[in-house]
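Q: I'd like a close look at one stretch of strands here, going through it slowly. Once that's clear, could you set it beside a few other spots in the chain?

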Amino acid sequence: MFVAKFEKISKDDIDIAGGKGANLGELTQAGIPVPPGFVITSETYEKFMSDTEINTNIMDILKNTDVNDTKALQEASDKIKEIIINTKMPQDIETMIVEAYNQLSQSVDEDDADVAVRSSATAEDLPDASFAGQQDTYLHVKGVDQVLEYVQKVWASLFEARAIFYREENDFDHEKVYIAVCVQQMVQAEKAGVMFTVNPSTGEEVAMIEGSWGLGESVVSGDVTPDHYDVDKKSGKIETLTVSDKKFMYINDDKGTSLKVEVPEEKRNERVLSDEDLKKLLDMAKTIEDLYKKPMDTEWAMQKGRLYLLQARPITTLDNVDEPTSSDNATDLDVIVKGLGASPGMAAGSVKVIFDLDELDKIEDGDIMVTAMTTPDMVPAMKKSAGIVTDEGGVTCHASIISRELGIPCVVGTGEATSTLKDSQEVTVDGKKGLVYEGIIKTEESQSSQSETSTSQAAAPIITVTDVKVNVSMPEAAKKAAATGADGVGLLRAEHMMLGLGAHPKKFIDDGKEDELISELINGIIKVADEFYPRPVWYRTMDAPTDEFVTMEGGENEPIEHNPMLGWRGIRRELDEPELIQCEFKAIKKLHEKGYTNVGIMIPLSQNVAELKKAKELCADVGLIPHKDVEFGMMVETPAAALIIEDYIAEGLDFVSLGTNDLTQYTLAIDRNNEFTAKNYKEEHPAVMKLIERTIKICVENGVTCSICGQAGSVPRIVEKLVGFGITSVSSNADAISDVRKTVAKAEQKLILDAAREQLNK
Ligand code: PEP
Ligand code: MG
């Protein structure tokens, strides 16, 4: 089988259709209306390679390449990719693909369907990203010429330098690794929205549907109050129907970028979903529940009267009803260690004290990791742990950020955990109250130690005008983060990704392995960009203090600084060593070329305008023009930046994000990681709040988007104040999204009410 529609493919075809293709086939066969498409199987790739006889040539190049010579490897890779891309596709293969594409276009009533072209790896036993090709995706491809061009590009991706290297290292035969390609329609929605297959608060068998005109972005982002329909699943009766005034909608321009436009006057108050549309949605709700065997939260779209499912995830709020989130019933037990609650949830298990990195293998699944402070090398062991307790740190330290993202209960800054707690001791960690109890407390949560703390607070259908976004540090956490229904990623931290590479990023550059570094970055960022597409993802360039680098391979030369927090970090370091930031910019450029135009750039820790100017020049130097090709913004993390924000705006900024973790430490002269001063570290200090208020107001006056991504953005009582100042978005930790969304909604309503009352009193 060379080319097959999704309908003809099932999970048994994984060998020729790859994982992605087989899954899309399976969903289609189950009657789920995923956007239609077809798979160009691995057999087609094989045929292309042998019919054109380029295989021999390619194998010769590989035979004569020393893969340990990075430069030679890169040259070989470039040469091979060029051969694959430039070889004319044999007529019979071309005809099959063109026919399938034309049929697809016809089936969706288009001359040339707008499609996504994605690779689908077939060798399941190979680690996906390292095997390469896996991550290749091109969005908004249109017309037969482009489709053929991108199919060849996906094939060529099998010969990225790192993929070749990986296969050599692991003795895989280059001739026996194949790749399939999925071509799938991109829906140009005329109407779109969300549907919960049950009431997400009560679990009642009522489908809750929201819909508005144009792309789903308007509903998901909350820019528009959509129509609301509650439909009884058994009788099909519409129980509630609210038609709203829908002022805006999003449409795609030629390049597939979404544009916000006004809804034509006559459609503003028109009902979006007809009875027939609702019936289609109800049928889909039932099919999806049958397939997944649970209530689901979905995003849907309609084009030319056809319904498509764009996303589906379980409704996790239901699991959480009335579940204890803290140790309310444990007060009579002995508290043996106290610290700061850094990641909520309860976990019970056996203590393993880690004094040195080479003891990490002591940690087994479900243990409680106890250590002075975690470092990036510890992440794999942290993932196995049920709970984490540290001596040092505050709520914004490495242990706190990572455990919140992993959904692991964590207590930091105890000052004594490594001396008080002993190996094999059984304890219970309360990550909300910051306590460690002697013995095991059995609660629902501590039994399933890696409780779904993050996802369990998934999106309730609350619509806010202020965007509620999420912070992501590890690409692996992107799925969980997206499941919260967040409006985008307000902070994607680069450093956790880089520190996870195993070697100092500078080592890649010094060893001439820039391309490897760029593709590692792409592989990390794309996981997030894809989960959230088309919602925006702000990638923040590298900001790690020197002391976090030293334990890494190639980190030996890092300077020893008296105070790394005040030292060589953030944009000031990146401008001193511009090679790294240019690799980051090149990675973003490549992502934009693949269609991920939702990725923006944000620079960290700036203290003067020249830094912003220089960073933008470096970005333009790689061919990615700030403000034109890519959204370019900055963090406000120093009092200096907050006090001259107007000068930065004059230089040109698409957005600003308040980094209150650093802003607080630099305003109050309190090291954020120091457990001795943690009690003096207060984001709500009036001086910090003044800087925040000033920044927000000046940005709003100048029409610059202003957000927050520091820990203060996860604290409801602070968020309430920020909404009052006029902040345009808030980016929180995944576990806080639900609370923050409610707070934002309440604060917005209060503003409206206050304004109305003022009007009345006039
Ligand atoms: C901040 O400083 O508030 C911030 C979000 O950045 P980081 O915590 O990574 O320093
Ligand atoms: Mg910071």
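A: Two strands count as paired if DSSP finds at least two bridges between them, and strands (E, at least two residues) and helices (H or I, at least four) are DSSP runs, numbered from the N terminus. This is a predicted model, where local features need pLDDT of at least 70 and side-chain atom pairs need 80 or more, while totals for chains, interfaces and linings use all residues. Residues count from 1 along each chain as its sequence is written, chains are lettered from A and ligands numbered from 1 in the order written, and side-chain values use heavy atoms, without hydrogens or water.

Let's zoom in on β17, which covers residues 368-371. One partner is β16 (residues 346-354), running parallel to β17 and joined to it by four bridges. Here K352 sits opposite M369 of β17. β18 (residues 387-390) also runs parallel to β17, and four bridges join this pair. This time T371 is the residue to find, standing opposite T390 in β18. To get from β17 to β18, the chain passes through helix α12 (residues 379-384), making a right-handed β-α-β crossover (with the strands pointing away from you, the path from the first strand over the helix to the second runs clockwise).

Now check the faces of β17. I368 and V370 lie on one side, M369 and T371 on the other, and all four are buried (under 20% relative accessible area with a 1.4 Å probe, protein chains only; exposed is over 50%, partly exposed in between). So β17 is covered on both faces.

For another set of strands, go back along the chain to an open sheet of five, ordered β1-β2-β5-β3-β4 with antiparallel pairing. At its edges are β1 (3-5) and β4 (137-142), each pairing on one side only. Inside it, β3 (residues 114-121) and β5 (residues 179-185) run antiparallel, with seven bridges between them. One to pick out is R118, whose bridge partner in β5 is C182.

Finally, look for the magnesium ion, ligand 2. E637 (OE) and D662 (OD) coordinate it at 2.0 Å (donors are N, O and S atoms within 2.8 Å of the metal, or 3.2 Å for Na, K and Ca; water isn't among the atoms, so sites may look incomplete). E637 belongs to the loop between β26 (632-636) and α23 (639-643), while D662 is in helix α25 (residues 660-668), 25 residues apart. Are these two buried or exposed? E637 is buried, at 1% relative accessible area, and D662 is buried too, at 2%.
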